[in-house]
Amino acid sequence: NCFGDIPSSTNLFVPYESTGYDVAPWTDFNIIVLAPITDYEYEVKDGNNNVLYTLILNTLEDYSGLEVKIGQAPTTSVELDIPESITFEDYNITYNVVSIADYAFTECVNFVGDLVIPNTVKSIGISAFWECWGFDGTLTLPSNLVSIGDYAFGGYEQPMSFEGELIIPNTVTYLGKTSFQNCNKFTGDLIIPDNVTNIGEYTFY
């Protein structure tokens, strides 16, 4: 036994079509078979059964997990709820939501209320919420956020309606250009964390 004494609670993740793990020493593990990657999709719908967005398993440079991608832009006012994680019941596997894709919600003007991005998210893509001027509450950024992409929350056509204090987490290293352009309703002090190494043009213009 090349692994020695293995607690039965130790998980061993094996690819979907692997074989040979039904004999020792592999049987000492708690075997979890990974599903085909194409199965890792989860649709979030509104009250009219429209797909607001899809969570898709994605492998990024520094972390992997679920990425939020847009389905259909809502045609009526609705609040946006993004979960921290999703469990795929067929395979008993839970994945965190770690990324908001580029252009995920660009010009989705019918989202209203607060926008709370879960603490599991580390990356907010280019134009992820560009021109989403329907949000009229607070913006809460995740505590583990690393990167805010270009044009992430800003807009040209009219001022954005986020209110309250903008708190940029200490983990952020990248603030993309124009990422908060025309967000002129924030109040309180703006503190740029020490870890930030890039602030793009017109970030807070």
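Strands here are DSSP runs of E at least two residues long, numbered from the N terminus. Everything below is a close-up of a predicted model.

**View 1. E107, a non-glycine residue with a positive phi, sits in a loop.** The loop in question runs between β8 (93–100) and β9 (111–112). E107 isn't a glycine, yet its phi is positive, at about 60°. Most residues other than glycine have a negative phi. Is E107 buried or exposed? With a relative accessibility of 53%, E107 counts as exposed, because the cut-off for that label is over 50%.

**View 2. T178 also has a positive phi, but T178 is buried.** Here, too, phi is about 60° in a residue that is not a glycine. Look for T178 in the loop between β14 (174–175) and β15. Its relative accessibility is just 3%, so T178 goes down as buried; the limit for that is under 20%.

**View 3. F204 takes part in a nonpolar patch on the surface.** L190, I192, I199 and F204 together make this patch, which covers about 320 Å². F204 comes in the segment after β15 (198–199). At 33% relative accessible area, F204 is partly exposed. That clears the cut-off of over 30% that patch residues have to meet.

**View 4. The second largest pocket brings back F204 and L190.** How big is the volume of the second largest pocket? It comes to about 180 Å³. Both L190 and F204 belong to the patch of the previous view and also to the lining here. Among the other lining residues are L166, F180, C183, F186 and Y205, along with N182, N184, T187, G188 and D189. Sorted by type, the lining has seven nonpolar residues, four polar and one charged.

**View 5. N11 is shown together with D28.** N11 is part of strand β1, which spans residues 11–14. With a relative accessible area of 38%, N11 is partly exposed. Follow the chain from N11 to D28 and you cover 17 residues; in space, their C-alpha atoms are 9.6 Å apart.

**View 6. L52 is paired in this view with A73.** Which strand holds L52? L52 lies in β4, made of residues 51–59. Only 5% of relative accessible area is left to L52, so this leucine is buried. A73 is 21 residues away from L52 along the chain, while the distance between the two C-alpha atoms is 6.4 Å.

Definitions and conventions. Residues are numbered from 1 along each chain as its sequence is written. This is a predicted model: local features need pLDDT of at least 70, side-chain atom pairs count only at pLDDT 80 or more; totals for chains, interfaces and linings use all residues. Side-chain values use heavy atoms; hydrogens and water are left out. Patches are made of residues with over 30% relative accessible area and no salt bridge: like charges are joined within 9 Å, nonpolar side chains (Val, Leu, Ile, Met, Phe, Trp, Tyr) within 5 Å. Accessible areas come from the Shrake-Rupley method with a 1.4 Å probe; for residues, only the protein chains shown count as cover. A salt bridge is a side-chain nitrogen of Lys or Arg within 4 Å of a carboxyl oxygen of Asp or Glu. Helices (H or I, at least four residues) and strands (E, at least two) are DSSP runs, numbered from the N terminus. Buried means under 20% relative accessible area, exposed over 50%, partly exposed in between (1.4 Å probe, protein chains only). On a 1 Å grid over the protein atoms alone, a cavity is a set of points where a 1.4 Å probe fits but cannot get out, and a pocket is an open set with protein on both sides within 12 Å along at least five of seven lines; lining residues have an atom within 4 Å of a point. Grid points are joined across faces, edges and corners, and a volume is the space filled by probe spheres set on the points. Ala, Val, Leu, Ile, Met, Phe, Trp, Tyr, Cys and Pro count as nonpolar, Asp, Glu, Lys and Arg as charged, and the others, Gly among them, as polar.
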